[in-house]
Amino acid sequence: MTIGTKMIREDKTARQMFEEVMANPARARFGFGEKIAIVNVDFQNAYTRIDEFKTAYETDPRQIEYVNTISRLARTRGMPVIWTHVAYMKDASDAGVWGTRTDTPDSLQNIKYGSRRHEFDDRCEIDHDRDAIYTKRMPSAFFETPLQSLLVWHKVDTVVVTGGSTSGCIRATAVDSLSRGYRTIVPIETCADKHESYHFANLTDLQLKYADVVGVDEVIGWLEAR
């Protein structure tokens, strides 16, 4: 009797596999709970300004517009909005092994506090009186930040993760979110990566294991109905 299977090998692209997974109507979902938080990961110039930095990337040109919309809706309904960005000390001693893997002008460790690369993209609509803003040093928005305490304080049960990169900080944040017991939602149009293979492969993995990967209109609709 055959119990398991060997690893599947086929010529489908990551996008094709993602579309097949998303077309499966039988896939169980975590769903929305009672209160969400919008966690917007690393909308800083180093990763969004494709006209300035080669470390930047763009998938959906309306990404920031969508993020502003769901953040505004959440805010007006008393639900928390969090923005993270990455930066390191002058000597990069807080960047760890991950941050100091390379040392070029474009390297992670050379995103310095107060630099243009550290600053949020000015297209982001951030309410500095109400939104939480954290500087993080590792992929997950949960790692060594006050995010968990903030979510507990607000009695959040659902985390909506946006930003970049899909294969890096979005995935890490989503996995940490689920690991902490939160229903986790990743709106497709609000995430970005450098290459569609990384983007769609990780969206597929998130959908199958760690999160509900949905169209942003579903998040907008849920918020508008509150």
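The points below describe a central strand, the nonpolar cores and the empty spaces of this structure, which is a predicted model.

1. A good place to begin is strand β1, which spans residues 36-41 and is mostly covered, with six of its six residues buried. The covering applies to both faces of β1, since Ile36, Ile38 and Asn40 are buried on one side, while Ala37, Val39 and Val41 are buried on the other.

2. Strand β1 has two parallel partners described here. With strand β4 (residues 158-164) β1 pairs in the parallel sense over six bridges, and with strand β2 (residues 81-86), which also runs parallel to β1, the pairing is made by four bridges. Val39 illustrates both pairings, having Val161 as its bridge partner in β4 and Ile82 as its bridge partner in β2.

3. Ile82 then leads from the strands to the interior, for the largest nonpolar core holds 27 residues, and Ile82, Leu147, Leu151 and Val186 are those with the most contacts inside this core. Two or more residues of this core come from each of α1 (14-22), β1, β3 (132-136), α5 (147-153), β4, α6 and α7 (196-210). A second core, of 24 residues, lies apart from that one and includes Ile38, Leu73, Trp83 and Leu223. In soluble globular proteins, nonpolar side chains tend to be buried together.

4. Leaving aside residues up to four places away in sequence, Ile82 touches Ala37, Ile38, Val39 and Asn40, and among its other contacts are Ala132, Tyr134, Leu147, Leu150 and Leu151. Of these, Ala37, Ile38, Val39 and Asn40 were named above as buried residues of β1.

5. The largest pocket encloses about 570 Å³ of space, and of the 22 residues that line this pocket, Tyr47, Thr55, Trp98, Leu108 and Ser165 lie nearest its centre. Helices α4 (96-99) and α6 (166-179) each supply at least two residues of the lining, whose residues divide into eight nonpolar, seven polar and seven charged.

6. A search of the whole structure finds one cavity of 30 Å³ or more, and the largest cavity has about 40 Å³ of space. Its lining is formed by Asp42, Phe43, Tyr47, Thr48, Tyr57, Gln63, Gly163, Gly164 and Ala192, with α2 (45-48) and β4 each giving at least two of the lining residues. By class, the lining of this cavity consists of four nonpolar, four polar and one charged residue. Tyr47 deserves a second look, as this residue lines the largest cavity and also belongs to those nearest the centre of the largest pocket.

Notes: Residues are numbered from 1 along each chain as its sequence is written. This is a predicted model: local features need pLDDT of at least 70, side-chain atom pairs count only at pLDDT 80 or more; totals for chains, interfaces and linings use all residues. Side-chain values use heavy atoms; hydrogens and water are left out. Buried means under 20% relative accessible area, exposed over 50%, partly exposed in between (1.4 Å probe, protein chains only). Two strands pair if DSSP finds at least two bridges between them. On a 1 Å grid over the protein atoms alone, a cavity is a set of points where a 1.4 Å probe fits but cannot get out, and a pocket is an open set with protein on both sides within 12 Å along at least five of seven lines; lining residues have an atom within 4 Å of a point. Grid points are joined across faces, edges and corners, and a volume is the space filled by probe spheres set on the points. Ala, Val, Leu, Ile, Met, Phe, Trp, Tyr, Cys and Pro count as nonpolar, Asp, Glu, Lys and Arg as charged, and the others, Gly among them, as polar. A nonpolar core is a set of buried Ala, Val, Leu, Ile, Met, Phe, Trp, Tyr and Cys residues joined through side-chain atoms within 4.5 Å. Contact means heavy atoms within 4.5 Å.
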